[in-house]
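Here are a few exercises to work through with the model open beside you. Try each task before you read its solution.

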Amino acid sequence: MSLFNRRTAMAALGLTASLVFAPLTASASDDPIHLIVPYGGGGLIDGLVREMAETMTAELGQPVVVENKPGSNGIVGAAYVAAAKPDGLTYLVGATGPLSLNVLLRKNLPFSMDSFEPVGTMFSGPLTITLPTKMGVDSIEGLKAWGQSGKPLRYAMLGPGSVTHLFGMVLQDVLGTELVPVAYKANPEMIIDQIGGQVELNFSTPISLIKHVESGDLQIIAISTEKRMDKFPNLPTVVELGYPQLVSSFWFGLVAPAGTPQAEKDRVAAALEKAVSVQSLQEKMINAGMTPEVGGPDAMKAQLDWDVDFWGGVVSKNNISLDD
């Protein structure tokens with residue numbers, strides 16, 4: 001055998017061996033997988049996603065990095081992922097506002113629901129029905145009587161089209177009386193004004209309100225879940241109070257650009273489920289007032305479909321649009 005042929009044969013054997021013994025979890029590419037967070041860095045959500053990325057890196061044998069692309073209520077990050085090459089290397093950490101509500105409320109977006117494909121769920125958070133203690137109302141029935149007597153019912157919300165805005169529309173139907181939305185940029189401002197009597201209602205998460213409940217300034221009369229939360233076992237749910245139509249939440253999950261190969265989505269989905277199942281991470285979610293959601297593509301698709309049905313119904317009924 002000539003030297004050229006011998007070297008060629010040995011190279012071929014080496015290539016075959018490398019393919020045979022390559023890790024089963026390895027991607028067709030050794031490039032990093034990018035999880036795009038449509039919010040700024042350093043917050044609670046960013047921290048939780050970065051912990052998930054560490055577990056996913058170990059599970060996949062491939063770097064998983066987190067990139068923050070904030071702006072325009074999540075539109076910047078979502079548009080970036082929608083336009084990304086569908087090669088299994090770019091995913092959006094989607095959420096109720098950046099994905100579902102933007103699509104439902106805005107017609108002139110560079111993406112639609114069809115721009116993405118579901119990969120898996122991460123966690124969800126509840127809303128509350130919170131009142132000033134000095135208001136003297138401690139039930140949904142009492143709130144209904146208050147409103148129907150002609151007294152004002154102003155509610156704090158995080159801007160037009162937010163979950164808190166739309167939840168107020170749902171509660172308005174339940175109470176049968178008008179609620180007046182008052183927009184704020186952040187939770188602290190809403191809480192200060194509610195304690196001061198500028199608004200009667202706040203729908204923020206329990207974790208952001210609990211110290212004011214403990215001080216006696218505010219009272220949470222219900223949370224928008226089906227079951228009581230481990231972190232807040234004394235808070236009644238809207239279901240047990242007889243108002244299942246008020247069940248709602250905000251969520252976070254992973255979606256891929258449309259056209260991403262199924263095999264790539266499947267391996268990332270499996271790694272995500274492993275990451276969300278880590279006990280220490282679940283404890284952090286629970287302590288932050290969140291509910292861990294371990295689920296793959298079907299669970300993520302079900303959440304998106306629910307959003308279109310529930311929040312889409314609220315948007316349509318109240319003729320809400322953010323394109324004006």
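A residue counts as buried under 20% relative accessible area, as exposed over 50%, and as partly exposed in between. Keep in mind that this is a predicted model.

**Exercise 1. Classify Asp87 by its accessible area, then describe its surroundings.**

Step 1: Asp87 has a relative accessible area of 30%. This value falls between the two cut-offs, so Asp87 is partly exposed.

Step 2: Locate the residue. Asp87 sits in the loop between H3 and strand E3 (90-95).

Step 3: Look for contacts. Leaving out residues up to four places away in sequence, Asp87 touches Pro261 and Glu264. Within its own stretch of chain, the side chain of Asp87 reaches the backbone nitrogen of Leu89 at 3.1 Å.

**Exercise 2. Do the same for Ser249: is it buried or exposed?**

Step 1: With a relative accessible area of 18%, Ser249 is buried.

Step 2: Ser249 belongs to strand E10 (residues 249-257). Its contacts, not counting residues up to four places away in sequence, are Thr96, Ser124, Gly125 and Trp311.

Step 3: Relate Ser249 to Asp87. The two are 162 residues apart along the chain, and their C-alpha atoms are separated by 31 Å.

**Exercise 3. Find the non-glycine residues Ser72 and Asn319 on a phi plot, and place each in the model.**

Step 1: Recall the background. Most residues other than glycine have a negative phi.

Step 2: Ser72 has a positive phi of about 55°. Ser72 is in the loop between strand E2 (64-68) and helix H3 (75-82), and it is exposed, with a relative accessible area of 52%.

Step 3: For Asn319, phi is positive too, at about 55°. Asn319 lies in the segment after helix H11 (297-317) and is exposed, at a relative accessible area of 69%.

**Exercise 4. Work out the strand order of the open sheet of 6 strands, and which helices pack on it.**

Step 1: The order is E2-E1-E3-E10-E4-E11, with mixed pairing. At the edges are E2 and strand E11 (291-295), each pairing on one side only. From one strand to the next, the twist averages 25°.

Step 2: Take one pair. Strand E1 (residues 33-37) runs parallel to E2, joined by 5 bridges, and Leu35 stands opposite Val66 in E2.

Step 3: Add the helices. Helix H4 (residues 96-105) packs on the sheet and touches E3, strand E4 (116-126) and E10, making about 85° with the direction of E10. Helix H9 (residues 262-276) also packs on the sheet, touching E1, E3, E4, E10 and E11; its direction makes about 15° with that of E4.

**Exercise 5. Which residues touch the most other members of the largest nonpolar core?**

Step 1: This core has 68 residues, and those touching the most other members are Leu35, Met52, Ile129, Leu143, Leu201, Leu246 and Leu254. Helix H6 (residues 163-175) gives the most to the core, with 8 residues.

Step 2: Follow one member. Beyond its neighbours within four places in sequence, the contacts of Leu246 include Ile129, Phe167, Leu171 and Val238.

Step 3: Check for a separate core. Another one, of 14 residues, lies apart, with Leu92, Leu99, Val103 and Val255 among them.

**Exercise 6. How many residues of strand E9 (residues 218-223) are buried, and how does E9 pair with strand E5?**

Step 1: In E9, 6 of its 6 residues are buried.

Step 2: Strand E5 (residues 128-132) pairs with E9 in the antiparallel sense over 5 bridges. Thr128 stands opposite Ile223 in E9.

Definitions and conventions: Residues numbered from 1 in each chain as written. Predicted model: local features only at pLDDT ≥ 70, side-chain atom pairs only at ≥ 80, totals over all residues. Heavy atoms only, no water. Helix = DSSP H or I, 4+ residues; strand = E, 2+ residues; numbered from the N terminus. Buried < 20%, exposed > 50% of the residue type's maximum accessible area, 1.4 Å probe, protein only. Contact = heavy atoms within 4.5 Å. Pairing = 2+ DSSP bridges. Polar contact = N/O pair within 3.5 Å; in protein donor to acceptor, adjacent residues only side chain to side chain. Core = buried A, V, L, I, M, F, W, Y, C linked by side-chain atoms within 4.5 Å. Axes fitted to C-alpha atoms, helices over the stretch in contact; angles between N-to-C directions.
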